[in-house]
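User: Please take one close look at the interior of this model and go through it step by step. Plain wording is enough.

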Amino acid sequence: MASNNYSQPDPYSGMTGTMDGIPDSTPLSHNSSGLQQQHNQQQQQPSMAHDPTQWSGAMDHRAAPVENYGAPAADANSGMAHSSKFGWRACLLCFNLDSYTQYFDIETADIVERLKASLFKFWMPDQFRTSVLGDCKTDELKGPDLYGPVWISLTLVFLIAVTSNIHGYWSQKRKDNVEEFEVDIHRLLNASGVVLVFVFCTSTAFWLGTNCIGMPAISWAMWVCVYGYSQVAYMPATILIGVLPFELISWCSLLAASAASVLLILRNLSTPLMAQDSADNSKAAPVILAILGFHTIYFIALKFWFFP
């Protein structure tokens with residue numbers, strides 16, 4: 001084998017030098033048997049043109065080590081290349097549907113267990129987050145999911161639309177003694193806006209806000225998951241209002257549901273929030289007060305918009 005000198009730079013690496021081990025090209029023969037023999041010889045000879053360990057010459061001082069071959073070269077701003085969860089890479093992942101598939105990989109038995117825990121363990125500190133959901137996916141726990149919050153929110157939208165129309169019918173019948181009642185289809189659209197905005201937009205706003213003030217312990221999926229399962233308490237409350245359309249029942253049912261809902265959120269998310277707090281600069285307290293404030297607005301919207 002001969003050593004070939006290349007004066008032109010390599011089109012891929014931009015390097016010049018010699019490549020030892022490249023077989024010399026054999027002149028082509030017009031005889032078919034000669035072509036076949038040359039083809040067989042080339043197949044038997046090992047190709048070393050793409051083996052970096054065999055390269056030599058002027059390119060050696062610029063060639064990357066073998067273990068880092070193909071990796072991007074480091075520069076002075078390499079620390080900026082690792083974007084945080086609040087960077088452009090995380091924002092672009094929001095528009096990639098494949099990034100959400102892991103949150104829908106959950107069994108029906110897990111959903112049923114989480115529904116029960118949201119009703120019977122809402123007052124226990126960190127039990128729903130650590131013992132039922134799991135901060136991340138493990139062999140025992142599946143981690144936060146989005147299937148439950150989506151299903152719960154859409155079901156609650158339907159229940160609010162139906163029971164609010166029933167409540168309106170009985171209220172109008174007691175006042176005017178009417179026999180006919182026109183169903184208000186706009187209540188379905190209004191309920192969709194109120195519930196979906198509260199579950200998904202409010203939780204996302206809290207995730208963005210806590211990241212901006214340097215409290216990134218709670219993931220976006222955990223925020224949405226806890227907010228979604230906190231709506232389970234409103235399901236029996238709205239059914240009770242539809243069956244017993246009395247003013248006292250509506251007030252007590254919605255107040256109890258709102259208390260259970262906000263307790264589930266605070267008892268499971270306040271611990272990681274306060275763990276990032278500092279004595280001289282309290283950040284968790286305003287977030288907790290904001291959670292209470294948004295729940296109060298949510299209660300007022302449900303009571304006076306759908307069950308007046």
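Analyst: A polar contact is a pair of N or O atoms within 3.5 Å; within protein, one must be able to donate a hydrogen and the other to accept it, and residues adjacent in sequence count only if both atoms are side-chain atoms. One such contact joins the side chains of Asp126 and Thr271, at 3.0 Å.

This is a predicted model, in which local features need pLDDT of at least 70 and side-chain atom pairs count only at pLDDT 80 or more, while totals for chains, interfaces and linings use all residues. Residues are numbered from 1 along each chain as its sequence is written, and side-chain values use heavy atoms, with hydrogens and water left out.

Asp126 sits in the loop between α4 and α5. Helices (H or I, at least four residues) and strands (E, at least two) are DSSP runs, numbered from the N terminus. The relative accessible area of Asp126 is 14%, and therefore the residue is buried (under 20%; exposed is over 50%, partly exposed in between; 1.4 Å probe, protein chains only). Leaving out residues up to four places away in sequence, Asp126 touches Ser131, Arg267, Asn268 and Thr271, where contact means heavy atoms within 4.5 Å.

Now the setting of that loop. The protein has eleven helices and three strands, in the order β-β-α-β-α-α-α-α-α-α-α-α-α-α along the sequence. It has 308 residues, and 34% of them count as buried. Of the contacts between residues at least 6 apart in sequence, 70% join residues at least 24 apart.

The largest nonpolar core (buried Ala, Val, Leu, Ile, Met, Phe, Trp, Tyr and Cys residues joined through side-chain atoms within 4.5 Å) has 52 residues. The residues with the most contacts inside this core are Trp223, Tyr229, Ile291 and Tyr298. Two or more core residues come from each of α4 (108–120), α5 (127–133), α6 (147–176), α7 (186–212), α8 (220–229), α9 (234–243), α10 (247–275) and α11 (284–306). The helix that gives the most to the core is α10, with nine residues. In soluble globular proteins, nonpolar side chains tend to be buried together.

Tyr229 shows how many parts of the sequence can meet at one residue. Not counting residues up to four places away in sequence, Tyr229 touches Ile111, Arg114, Leu115, Ser118, Phe128, Asp145, Gly148, Pro149, Ile152 and Leu264.

Next comes Gln231, in the loop between α8 and α9. Gln231 counts as buried because its relative accessibility is 0%. The side chain of Gln231 makes a polar contact of 3.2 Å with the side chain of Ser230. With residues up to four places away in sequence set aside, Gln231 touches Ile152, Leu156, Phe198, Val199, Ser261 and Tyr298.

Tyr298 leads to helix α11. The buried residues of α11 are Ala284, Val287, Ile288, Ile291, His295, Tyr298, Phe299, Leu302, Lys303 and Phe306. The helix has 23 residues, and its expected span (1.5 Å times one less than the number of residues) is 33 Å, which agrees with the 33 Å between its end C-alpha atoms.

Leu302 is also in α11 and is buried because its relative accessibility is 3%. Apart from neighbours within four places in sequence, Leu302 is in contact with Ile160, Val194, Tyr234, Leu254 and Phe307. Leu302 and Leu254 are 48 residues apart along the chain, while their C-alpha atoms are separated by 8.1 Å.

The aromatic rings come last. The structure holds twelve aromatic pairs; rings of Phe, Tyr and Trp (its six-membered ring) pair if their centres lie within 6.5 Å, with planes under 30 degrees apart counted as stacked, over 60 as edge-to-face and the rest as tilted. Tyr169 and Trp170 are one edge-to-face pair, at 5.4 Å centre to centre and 65 degrees between the planes. Tyr169 is partly exposed because its relative accessibility is 23%, and Trp170 is partly exposed with a relative accessible area of 37%. Another pair is Tyr234 and Tyr298, whose centres are 5.4 Å apart and whose planes are at 85 degrees, so this pair is edge-to-face. It links distant parts of the chain, with Tyr234 in α9 and Tyr298 in α11, 64 residues apart. Tyr234 counts as buried at 1% relative accessibility, and Tyr298 is buried with a relative accessible area of 3%. Both belong to one aromatic cluster formed by Phe198, Phe206, Trp223, Tyr227, Tyr234, Phe294 and Tyr298.
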